[in-house]
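Please open the model in your viewer and keep the sequence panel beside it, since this tour moves from one selection to the next. Each stop says what to select and what is to be found there.

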Amino acid sequence: MEREKRYQLEQRRKDKERMEAAQARAHDRYEKIQKLQATQERMYKKKQDEFRRHNEKMIKQERIVQLRKQKEKEQIGKAQRERADRAKKKLQNVMVQNQKRIEESRRDLD
């Protein structure tokens with residue numbers, strides 16, 4: 001009888017040790033998973049930040065390109081207006097000179 005009790009106690013002790021070992025392994029696995037998840041989250045945030053910075057950089061570059069194009073258009077428009085103004089002045093000068101010639105020739109005819 002006492003032998004049987006000792007055997008049962010020994011079995012309970014072994015079961016308890018196995019259970020504790022299994023719980024320890026499970027806890028270790030849980031901690032490992034937590035560390036991996038934390039690492040993955042950090043990497044994900046890092047990639048997100050890199051992607052966001054890259055997008056901001058590209059948007060800035062696009063704005064710069066747009067501003068350059070707009071400036072070029074304005075400069076082209078300004079140059080065209082200046083050319084048109086010069087051509088207009090030349091035309092007016094030619095018209096004034098023609099008018100003077102016409103008046104001179106009328107005077108000569110009179």
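Which residues of helix H1, Arg-13 and one three residues away, are separated by about one helical turn? Select Arg-13 and Glu-10: being three residues apart in helix H1, the two are separated by about one helical turn. Bear in mind from the outset that this is a predicted model, and that the distances and areas quoted along the way are computed from it.

**The whole chain**

Before going further into side chains, zoom out and show the protein chain as a cartoon, where you will find one helix and zero strands. The radius of gyration of the protein chain is 47 Å, well over the 13 Å that the globule rule gives for 110 residues, so the chain is more spread out than a compact globule. If you turn the view along the principal axes, the C-alpha trace spans about 160 × 10 × 5 Å.

Now switch on the surface of the protein chain, which exposes about 11500 Å², with carbon and sulfur atoms supplying 52% of that area. Buried residues make up 1% of the 110 residues. Colouring by charge brings up 36 positive and 21 negative side chains, and the centres of these two sets lie 2 Å apart.

**The first salt bridge to select**

Side chains of opposite charge can pair when their charged atoms come close. The structure holds eight salt bridges, and a convenient one to begin with joins Glu-2 to Arg-6, where the closest N and O atoms are 3.9 Å apart. Glu-2 and Arg-6 are four residues apart in helix H1, which means that about one helical turn separates them. Glu-2 counts as exposed because its relative accessibility is 57% and the cut-off for that class is over 50%, and Arg-6, at 55%, counts as exposed too.

**A network around Arg-13**

Return to Arg-13 and show its side chain together with that of Glu-10, because the two meet in a salt bridge with an N to O distance of 2.0 Å, within the 4 Å that the term requires. Arg-13 is partly exposed at 39% relative accessibility, and Glu-10 is likewise partly exposed, at 30%.

Next add Glu-17 to the selection, whose side chain meets that of Arg-13 in a salt bridge of 2.6 Å, N to O. Glu-17 and Arg-13 are four residues apart in helix H1 and are separated by about one helical turn, while Glu-17 itself is partly exposed, with a relative accessible area of 43%. With these residues displayed together, you can see that salt bridges sharing partners join Glu-10, Arg-13 and Glu-17 into one network.

**Two distances along the helix**

Select Lys-46, which is found in helix H1, a helix that runs over residues 2–109. Lys-46 is partly exposed, with a relative accessible area of 49%. Draw a distance from its C-alpha atom to that of Arg-18, 28 residues apart along the chain, and the separation is 42 Å.

For the last stop, select Arg-53, which is also found in helix H1 and counts as partly exposed at 48% relative accessibility. How far apart in space are Arg-53 and Gln-80, C-alpha to C-alpha? Arg-53 and Gln-80 are 27 residues apart in sequence, and the distance between their C-alpha atoms is 40 Å.

Conventions
Residues numbered from 1 in each chain as written. Predicted model: local features only at pLDDT ≥ 70, side-chain atom pairs only at ≥ 80, totals over all residues. Heavy atoms only, no water. Rg over C-alpha atoms; globule rule 2.2 N^0.38 Å. Buried < 20%, exposed > 50% of the residue type's maximum accessible area, 1.4 Å probe, protein only. Areas by Shrake-Rupley, 256 points an atom, 1.4 Å probe, with all protein chains shown as cover. Lys, Arg positive; Asp, Glu negative; His and termini not counted. Charge placed at Lys NZ, Arg CZ, Asp CG, Glu CD.
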